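Please walk through this structure with me, taking its loops, sheet and helix packing in turn.

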Amino acid sequence: MNTKVNLCGIELDNPVIPASGCFGYGYEFAELYDINCLGTFSFKGTTKDPRFGNPTPRIAECTAGMINAVGLQNPGVEKVISEELPRLKACFSKPVMANVSGFSVEDYAYTCELLDKEEQVGWLEVNVSCPNVHGGGMSFGTSPEAAATVTRAVKAVTKKPVIIKLSPNVTDIVSIAKACEEAGADGISLINTLLGMRIDLARRRPVIANKMGGFSGSAIFPVAVRMVYQVSHAVKIPVVGMGGVSSAEDVIEMMMAGATAVEVGAANLVNPYASRDIIEELPDVMKKYRIENLSDIIGVV
């Protein structure tokens, strides 16, 4: 059974990638198992400046998933490069995916330019779900023009593959993906979290301090499969699928919908061994569905 796939010119041993925000900078999970079994992983969303994040409580379980509004807590790009990447290098020998967030086009370009120079970084996953502080607070990912502007700015200062991570909180995700492709993106990853809210009945207030937050977990999987299918059939660049993936069969389904690689998010927070377990299950699931090469099933539907 051949589990290898090629993502933007870099070969992965398998398509399983822990998603940003659900795997820290890797070394915490390396205390539990050898994370070199992963295809790669996307590290915690990194911004130009350090961020403390949103007030607590900022994570809450809900039916078939969770709501979070962590607020991009991270030490800032310079500390990520000077402290986090050296610690990661001690336990992970493969190229890693750098997830980047920003609040202005200049923020994105600055952070990506620095990370692009790091030998350990294989891909830049650019999260355009952040609010545009110069554009009235709407996220860059809600408009084809704004998403394309970020893509062009990042591509102008980088040499490594740039994968734009899209928000599902839009009416037409295909037009945004196509705008990113036309602006030079090397890949698209989707979906980010849906916007959700739950209320604590006893306290008569939202379960998280931010009131609303990102809804993730197995409940969003059908939405993710639909959007991966739509986007992968509309663009010629690779798609990384994610959203509610929690089993090897989910990985196969995402790939049949059109994903070249598949990220695993909230499942890692429920079971820290989730990504490892999915990788170990893949050969048996491939055998069950008579799949010799995983790359053969990309977009077969």
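Arg 204 counts as exposed in this predicted model, since its relative accessibility is 77%, and exposed here requires over 50%. The residue sits in the loop that links strand E11 (199–200) with strand E12 (205–206), and its phi is positive, at about 55°, although it is not a glycine. That is worth noting against the general background, in which most residues other than glycine have a negative phi. Ala 64 likewise has a positive phi of about 55° without being a glycine; this residue belongs to the loop between E4 and E5, and with a relative accessible area of 39% it is partly exposed.

The loop of Ala 64 leads into a sheet. Four strands form this open sheet in the order E4-E5-E13-E10, with antiparallel pairing. Its edges are strand E4 (59–62) and strand E10 (194–196), each of which pairs on one side only, and neighbouring strands of the sheet are turned by 35° against each other on average, direction ignored. Within the sheet, strand E5 (residues 65–68) and strand E13 (residues 213–216) are joined in the antiparallel sense over three bridges, and Met 66 stands opposite Ser 216 in E13. Such pairing in sheets is made through backbone hydrogen bonds, either parallel or antiparallel.

Two cis peptide bonds can be described next. One joins Thr 56 and Pro 57, with omega about -5°, and Pro 57 lies in the loop between H1 and E4. The other runs from Leu 190 to Ile 191, with omega near 10°, and Ile 191 is placed in the loop between strand E9 (187–190) and E10. In general, most peptide bonds are trans.

A parallel pairing is found elsewhere, where five bridges join E6 to E7, and the bridge partner of Val 96 in E7 is Val 121. Strand E7 (residues 121–127) is mostly covered, with seven of its seven residues buried. Strand E6 (96–100) also appears in the surroundings of helix H2, as the cover over the buried residues of H2 includes this strand together with helix H1 (27–30) and helix H3 (105–116). Those buried residues are Val 77, Val 80, Ile 81, Glu 84, Leu 85 and Leu 88. The spacing can be read with a general rule in mind: an α-helix has 3.6 residues a turn, so residues three or four places apart point the same way. Helix H2 (residues 77–89) also carries a kink of about 30° at Glu 83, shortly before the proline Pro 86.

Two helix pairs complete the tour. Helix H5 (residues 173–182) packs on helix H6 (residues 221–232) at an angle of about 45°, with the axes 9 Å apart, and because of that angle H5 is oblique to H6. The contact is made by Ile 173, Val 174 and Ala 177 of H5 and by Met 227, Gln 230 and Val 231 of H6, and H5 passes H6 in a right-handed crossing. For helix H7 (residues 248–257) and helix H9 (residues 274–288), the axes come within 8 Å and cross at roughly 65°, and here too H7 passes H9 in a right-handed crossing. On the H7 side, Ala 248, Glu 249, Val 251 and Ile 252 meet Ile 278, Glu 281, Leu 282, Val 285, Met 286 and Lys 288 in H9.

Methods
Residues are numbered from 1 along each chain as its sequence is written. This is a predicted model: local features need pLDDT of at least 70, side-chain atom pairs count only at pLDDT 80 or more; totals for chains, interfaces and linings use all residues. Side-chain values use heavy atoms; hydrogens and water are left out. Two strands pair if DSSP finds at least two bridges between them. Axes are lines fitted to C-alpha atoms, for helices over the stretch in contact, and angles run from 0 to 180 degrees between N-to-C directions. The bend at a residue is the angle between axes fitted to the seven residues ending there and the seven starting there. Buried means under 20% relative accessible area, exposed over 50%, partly exposed in between (1.4 Å probe, protein chains only). Contact means heavy atoms within 4.5 Å. Angles under 35 degrees count as roughly parallel, over 145 as roughly antiparallel, 65 to 115 as roughly perpendicular and the rest as oblique. A crossing is left-handed if the near helix is turned anticlockwise from the far one by less than a right angle, and right-handed if clockwise.
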